[in-house]
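Hi,

Here is the structure I promised to hand over. Have a look at it first, and then read on for what turned up.

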Amino acid sequence: MALIDRIKWDGMLNNAEWLVYRYPGEAFVTGSQLIVGEGQVAVFVKGGQALDYFTAGTYTLSTANIPLLAKFINMPFGGKTPFTAEIYFINKTSKLDITWGTIDPIQLIDPKYHIKLRVRAFGQIGMKVADYRVLLTELIGAMRQRDVVNYGKMLNYFKGILIMKVKTLIAQAIIKNKVSALEISASLETISDYCQEEIGEEFDRFGLKVVNFFIQSINFPDEDFDEINRILGEKASFDIIGDQRYVTKRSFDTMDLAAANEGGTAGAFTGAGMGLGLGVSMGGAMGGLTSNITTAAPAGNQKTCPECNAVNPASAVFCAACGARVTQEGVKCPDCEYENQAGSKFCISCGAALTQTQTNKCEKCGEENEPNAKFCRNCGTKLEG
């Protein structure tokens, strides 16, 4: 086994992508040259423990500058004493351009427009090594000889918790604070700061520090945006033309749609509306339209007079044209006193028989007989009913 007398991390010194590099080889001698570049720290590890470390500079290894390691292996003094250890180079520079994004959309209901939205978000995160000892303890078991752990591989460890936290915080901002998805852009800075605090705690456990966290965009599909635009358009029409005119406009829209879908009857209404527009002023047209809408009410809301066939409102008792009664007298239930429709045989409220309450009273003796009796059961007198 060759003894190594020069230790240096030659690859990607100026590349911020790498995070941890394990130097190939474990056999060293005192007096070896250790060269540590700017933005790096070299750590001697023995038996899984991080012992001596070196910042940027050139060092000649001796028992004086590796005291913990020397004590650990009981290294003798003098000469080029061989010893075994693992050396890890750690990148201390900040990595600020790590991107993130939600894998699937966040499903939620917009608190202002009450429609379902599929919200997506993406942004950028920056981090650096804060505690190299904790970092090595967490990563050393997963590393292989000649492995370089880069930020991309490390971020995969945290992707689940990162995205979950972001989803939760965005949903809270929209739902709990009742902020519409269209208005949330104004709160991106506040949400970003809050996310940095929440997510930073998870990275701290692994010796990493979140330097910055940005939500660059929160968006949703075009079809969801089209639905909100439709609602905004109707609201704008209502605000501009006013309450009554908006109702009138919607009535015209409904009639036009009916004419396009059904033809015949609906076309007649459309023709009526056009006639109004040709013959009278706008004010008269509005009044005529209201009249037509009333006339076009469903048949279930009308009563036809049995005498003159005039159409009356559903609440009418007597005909407005001839004065004839259009509502028949009901049958009152003897048990619950519910007023049933004329001709009913059973009460629709309690189920009691109604025909049994219609008795024949004898004019001679006053006896109450059954409805279908022809002679009094008490005196035998012929009954009129």
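Let's begin with one pair of residues: Val41 has Ile90 of strand 8 as its bridge partner. Before going further, please keep in mind that this is a predicted model.

That pair belongs to a longer contact, as strand 4 (residues 40–46) is joined to strand 8 by six bridges, with the two running antiparallel. Strand 8 also has strand 2 (residues 18–22) as an antiparallel partner, this time through three bridges. There, Tyr21 is the residue opposite Phe89 of strand 8.

So how enclosed is strand 8 (residues 86–91) by the rest of the structure? Largely, because six of its six residues are buried. You can check this face by face: Glu86, Tyr88 and Ile90 are buried on one side, and Ile87, Phe89 and Asn91 are buried on the other.

Strand 4 has another pairing worth a look. Four bridges connect it to strand 5 (residues 49–54), again in the antiparallel sense, and Val43 sits opposite Tyr53 of strand 5. Two residues lie between the strands in this hairpin, where Gly47 has a positive phi near 60°.

Now for the rings. A pair of aromatic rings is described by how far apart the centres are and by the angle of the planes. Searching the whole structure gives twelve aromatic pairs. One of them is Trp9 with Trp18: the ring centres are 5.7 Å apart and the planes are at 70°, so this pair is edge-to-face. Trp9 is buried at a relative accessible area of 7%, and Trp18 is buried too, at 1%.

Then there is Trp100 with Phe213, with centres 5.3 Å apart and planes at 15°, so here the pair is stacked. Why does this pair tie together parts that are 113 residues apart in sequence? Because Trp100 lies in strand 9 (residues 95–101), while Phe213 lies in strand 13 (residues 208–219). Trp100 is buried, with a relative accessible area of 6%, and Phe213 is buried with 1%.

Going back to the other tryptophans, Trp9 and Trp18 share one aromatic cluster with Tyr21, Tyr23, Phe28, Phe83 and Phe89. You'll recognise Tyr21 and Phe89 as the residues that stand opposite each other where strand 8 is involved.

Next, the cores. The largest nonpolar core has 50 residues, and Phe203 and Phe213 have the most contacts inside it. Helix 3 gives the most to this core, contributing twelve residues. As for Phe213, leaving out residues up to four places away in sequence, it touches Trp100, Gln124, Ile125, Leu162, Val166, Ser192, Cys195, Gln196 and Ile199. Another core, of 19 residues, lies apart from the largest one and includes Ile7, Phe28, Phe44 and Phe89.

Helix 3 (residues 151–175) deserves its own paragraph. With 25 residues at 1.5 Å a residue, it should span 36 Å, and its end C-alpha atoms are 34 Å apart, which agrees. Where does helix 3 bend? At Phe158, by about 55°. Phe158 is also one of the buried residues of the helix, along with Tyr151, Met154, Leu155, Leu162, Ile163, Val166, Leu169, Ile170, Ala171, Ala173 and Ile174. When you look at that list, remember that an α-helix has 3.6 residues a turn, so residues three or four places apart point the same way.

Two loop residues to finish with. Thr102 is found in the loop between strand 9 and strand 10 (106–109). Is Thr102 buried or exposed? With a relative accessibility of 10%, it counts as buried. Not counting residues up to four places away in sequence, Thr102 touches Arg120, Ala121, Ile163 and Lys167. Ile163, by the way, is among the buried residues of helix 3.

Ala353 is in the loop between strand 17 (339–340) and strand 18 (360–361). With a relative accessible area of 31%, Ala353 is partly exposed. Again leaving out residues up to four places away in sequence, Ala353 touches Lys345 and Phe346. The C-alpha atoms of Ala353 and Pro334 are 9.0 Å apart, and these two residues are 19 residues apart along the chain.

Over to you!

Methods. Residues are numbered from 1 along each chain as its sequence is written. This is a predicted model: local features need pLDDT of at least 70, side-chain atom pairs count only at pLDDT 80 or more; totals for chains, interfaces and linings use all residues. Side-chain values use heavy atoms; hydrogens and water are left out. Buried means under 20% relative accessible area, exposed over 50%, partly exposed in between (1.4 Å probe, protein chains only). Two strands pair if DSSP finds at least two bridges between them. Rings of Phe, Tyr and Trp (its six-membered ring) pair if their centres lie within 6.5 Å; planes under 30 degrees apart count as stacked, over 60 as edge-to-face and the rest as tilted. The expected span of a helix is 1.5 Å times one less than its number of residues. The bend at a residue is the angle between axes fitted to the seven residues ending there and the seven starting there. Contact means heavy atoms within 4.5 Å. A nonpolar core is a set of buried Ala, Val, Leu, Ile, Met, Phe, Trp, Tyr and Cys residues joined through side-chain atoms within 4.5 Å.
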